[in-house]
Amino acid sequence: MASIREKGDRLYLVATLPMKDGSPGRKQYKIPLHLDASPQGQIKAKRRKVQLERSLEQEKFHWDDWLSPQGLTKNKPVTWRDAIDRLYEYRRYEKGMKQDQWEKKWLPLITKAPIRLANPCTADDMLAVMASWDPSQDTYMKAYRAFRKLAELAGIAFPQLLKPTYSLPHERGEAKEVPSDKEAIEWVQLADRGQPNGKALRWYFGMIATYGLRPHEIDHVTMLDDGKVQVPWVDSKGRKTKTGFRTVIPIPEDWIELFDLQNKVARPESEEECYRWLRNSLRRHPFVKKEWTNYSLRHAFAGRLWRLGGTKLDTYTAARMMGHSRAVHEETYRHHIEPYEIANKAEEAIQANQADQQERLMRVKQPAG
């Protein structure tokens, strides 16, 4: 096993390694990582530690890989296996990607033919793989980003590729298909049909429908006596941030009683994220449409908020209720906002015109001096 040591604000790996001069035997060495002891340096040092331990376990350790600051000699080409390992370590240990997400969503994109793990990592291979998709596809965008980061980590040139043109429906100005109020009620009330932990599912979906919460926020809300909820600012892993909390009103209020939201039903204790737990239940739901996701009830809440708030609602208030910035709200829910903004503008124009006409009429009626 290797360990990370700090000396004079610099980081080193310490491990028992084969003799540097090639003679038989092993001894303990301290390998300079050329990294400072900053949080970012510590993250990179952990990735290098994993790489060292893996090379020792697989009996692939070579001193040439550790003598230059980049971990490679200038003349030695980077293989696809090395490059993919570096991307894996970056995504897994620096970005916190889960193992199953790497195996199911990332690895298949960057191991398509003609890529061979033992071959040198080249821009030509990337071009050949990217030719499998159209730039307008979501898969092309994901592969483009993966190969661009892989090329950066491997120290090779990224090929000249067409930039992705894929965009989400709201970015294309298209309205999301969301459940109506009637469909939202059926979604929640049928959530417990034939489902393990069905009562908990019903309560969680009821909270999303009534308060527009994100799945990872639900475990942390506090229900107030007047029916409002306080939602602390938490990240996607449920960790509270320093931003504070927001207070959200139920829309509509009678759904609190309809879904019995005052009586919380906890979900089973598990390391599984709330989003995944809810998403997996949708596959067994007897009513939910295929195109709907956990966020569909949240998007429906946003539409209901604008429908009931009408021209008296402003984007700042709506964005704060939803827990994001005004810019994100305007981009995501533009199709809900625009009709009311247009109505506001029309109302302002009519009032201004009527005031002008009244003023002109008053001037006409005034007797000449």
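## Salt bridges across the chain

In this predicted model, Arg246 counts as buried, at 4% relative accessibility. Its partner Glu217 is buried too, with a relative accessible area of 1%. The side chains of Glu217 and Arg246 meet in a salt bridge, 3.0 Å from N to O. This pair links distant parts of the chain: Glu217 belongs to the loop between α7 (198-211) and β4 (222-223), while Arg246 sits in strand β6 (residues 240-248), 29 residues apart.

A second link involves Arg304 and Asp181, whose side chains meet in a salt bridge at 3.0 Å, N to O. Here Arg304 lies in helix α10 (residues 294-309) and Asp181 in helix α6 (residues 181-189), so distant parts of the chain, 123 residues apart, are linked by the pair. How buried or exposed are the two ends? Arg304 counts as buried at 1% relative accessibility, whereas Asp181, at 27%, counts as partly exposed.

## A small charged network

Let us turn to helices α1 and α2. Asp85 and Arg54 join their side chains in a salt bridge of 3.3 Å, N to O. Asp85 is in helix α2 and Arg54 in helix α1 (residues 39-57), and the pair links these distant parts of the chain, 31 residues apart. Asp85 is partly exposed, with a relative accessible area of 23%; the cut-off for buried is under 20%. Through salt bridges that share partners, Arg54, Asp85 and Glu89 become one network. Counted by the same rule, the structure has 11 salt bridges.

## One side of helix α4

Which residues of helix α4 are buried? In this helix (residues 123-130), they are Asp125, Met126, Val129 and Met130. They lie on the same side of α4, because they cover an arc of only 130° around the axis. What do these buried residues pack against? Their packing partners are α2 (80-94) and α5 (138-154).

## Strands at the start of the chain

Strand β1 (residues 3-7) pairs with strand β2 (residues 10-18) in the antiparallel sense, over five bridges. Within this pairing, Ile4 has Leu13 of β2 as its bridge partner. The hairpin of β1 and β2 has two residues between the strands, and in it Gly8 takes a positive phi near 60°.

On to the next pairing: β2 also pairs with strand β3 (residues 26-36), again in the antiparallel sense, over eight bridges. One of the bridge partners here is Tyr29 in β3, which faces Ala15 across the pairing.

## Aromatic rings and charges over them

A search of the whole structure finds 12 aromatic pairs. Among them is the edge-to-face pair of Trp203 and Tyr204, with 5.4 Å centre to centre and 75° between the planes. Both Trp203 and Tyr204 are buried. Tyr204 also pairs with Trp277: their ring centres are 5.2 Å apart and their planes stand at 85°, so this pair is edge-to-face as well. Because Tyr204 lies in helix α7 and Trp277 in helix α9 (residues 274-282), the pair ties together parts that are 73 residues apart in sequence. Trp277 is buried, like Tyr204.

Elsewhere, Tyr29, Phe61 and Trp63 form one aromatic cluster. The ring of Trp63 has the charged end of Lys20 over it, 5.0 Å from its centre. Tyr12 has a lysine over its face too: Lys30 lies there, at 5.0 Å from the ring centre.

Terms used
Residues numbered from 1 in each chain as written. Predicted model: local features only at pLDDT ≥ 70, side-chain atom pairs only at ≥ 80, totals over all residues. Heavy atoms only, no water. Buried < 20%, exposed > 50% of the residue type's maximum accessible area, 1.4 Å probe, protein only. Helix = DSSP H or I, 4+ residues; strand = E, 2+ residues; numbered from the N terminus. Arc of directions from axis to C-beta. Contact = heavy atoms within 4.5 Å. Pairing = 2+ DSSP bridges. Salt bridge = Lys/Arg side-chain N within 4 Å of Asp/Glu carboxyl O. Phe/Tyr/Trp six-rings, centres within 6.5 Å; stacked < 30°, edge-to-face > 60°. Lys NZ or Arg CZ within 6 Å of the ring centre and 35° of its normal.
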